[in-house]
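This report covers salt bridges, one helix and the pockets. Start with the model itself.

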Amino acid sequence: MASQPAHADAPVARPRKLTRRGADTRARILDATVRVIVSSGFAAMTIERVMAESGISRGSVLHQFPNRLALAVATAERTLEAVIELARKAAEAKPDPFERMASHADVMWQAHSSPEGLALNEIVTAAGWDRELAEGIRPIIEEVEADIRVQFLDMAREAGLPDPDAFVARGWWLVASVRGLVIEHRLHQPRPMIDAALEEMKASHRRYCEAQRDKLVMLD
């Protein structure tokens, strides 16, 4: 489905220091934006739709986000943070380092199939053809990817893997696989083949982790 560009000539504004009321308004706008994207897609994300969803006046929305691009970039940042936090909490709930690593495919699925994950997937997909949106979210993506790389390294080291760097590539394979399956999973239901593919991804990752653990056992 064709979508209007995220930009409206004006540059993306950096977030200003907010009062408590301003921060609450900003959060309500971003929450409404996520709901609009999840229910109707990124193409439907307009200032007018977000105004209607949030119940906030046009002036208040434009005070926080002067154009659609600024709103899209801020939503990308918020959803990225939310997905990372969801994954972190799910991982921390597993105290055993090996189980934390072996179950990470399931953790990633939970995080990326959340409303924030679905909205993020829509924004990242749209950035593939919208140059200004891609440029707007690029600094956020680069910063987050650097943080995620450290998290993958730490996870592998805590599990005792001999080559933590190799797990970084595995981690990004999981991210890409989950994002693709999220898209497929939303198309139509039920989809037994997609459900089977999801379970195979989880099982494949666990087999990979068990193989790495077995190598360590053999070395010992």
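## A terminal pair to begin with

Glu200 is partly exposed, at a relative accessible area of 42%. Its salt-bridge partner is Arg207, with the closest N and O atoms 2.5 Å apart. Arg207 is also partly exposed, at 44% relative accessibility. The model is predicted, and the values here are computed from it.

## Salt bridges within helices

How many salt bridges does the model hold? The count comes to 18. One network built from shared partners takes in Glu85, Arg88, Lys89 and Glu92.

Within that group, Glu85 pairs with Lys89. Their closest N and O atoms lie 4.0 Å apart. Both residues sit in helix α4, and because they are 4 residues apart there, about one helical turn separates them. Residues three or four places apart in an α-helix point the same way, because a turn takes 3.6 residues. Glu85 is partly exposed, with 31% relative accessibility.

Helix α8 carries a pair of its own. Arg138 and Glu135 form a salt bridge, 3.3 Å from N to O. They are 3 residues apart in α8, about one turn of the helix. Arg138 has a relative accessible area of 38%, so the residue counts as partly exposed. Glu135, at 41%, is partly exposed as well.

## Helix α7 and its cover

α7 is a helix of 13 residues. From first C-alpha to last, α7 reaches 19 Å. That is close to the 18 Å expected at 1.5 Å a residue.

Which residues of α7 are buried? They are Gly117, Leu118, Ala119, Leu120, Asn121, Ile123, Ala126 and Ala127. The cover over these buried residues includes α1 (20-40), α4, α6, α8 and α9.

## The largest pocket

The largest pocket holds about 460 Å³ of space. Its lining counts 25 residues, and the closest to the centre are Ile84, Ala87, His104, Ile148 and Gln151.

Which helix gives the most to this lining? It is α8, with 9 residues. At least two lining residues come from each of α4 (68-92), α6 (104-112), α7 (115-127), α8 (131-158) and α9 (164-187). By class, the lining of the largest pocket has 15 nonpolar residues, 7 charged and 3 polar.

## The second largest pocket

The second largest pocket has a volume of about 200 Å³. What lines this pocket? The residues are Val38, Gly41, Leu118, Asn121, Glu122, Thr125, Val182, Ile183, Arg186 and Leu187. α7 and α9 each supply at least two of them. The lining divides into 5 nonpolar, 3 polar and 2 charged residues.

Leu118 and Asn121 appear in this lining, and both are listed as buried residues of α7. α7 also gives at least two residues to the lining of the largest pocket. α9 likewise supplies at least two residues to the largest pocket and at least two to the second largest.

How values were computed:
Residues are numbered from 1 along each chain as its sequence is written. This is a predicted model: local features need pLDDT of at least 70, side-chain atom pairs count only at pLDDT 80 or more; totals for chains, interfaces and linings use all residues. Side-chain values use heavy atoms; hydrogens and water are left out. On a 1 Å grid over the protein atoms alone, a cavity is a set of points where a 1.4 Å probe fits but cannot get out, and a pocket is an open set with protein on both sides within 12 Å along at least five of seven lines; lining residues have an atom within 4 Å of a point. Grid points are joined across faces, edges and corners, and a volume is the space filled by probe spheres set on the points. Ala, Val, Leu, Ile, Met, Phe, Trp, Tyr, Cys and Pro count as nonpolar, Asp, Glu, Lys and Arg as charged, and the others, Gly among them, as polar. The expected span of a helix is 1.5 Å times one less than its number of residues. Buried means under 20% relative accessible area, exposed over 50%, partly exposed in between (1.4 Å probe, protein chains only). Contact means heavy atoms within 4.5 Å. A salt bridge is a side-chain nitrogen of Lys or Arg within 4 Å of a carboxyl oxygen of Asp or Glu.
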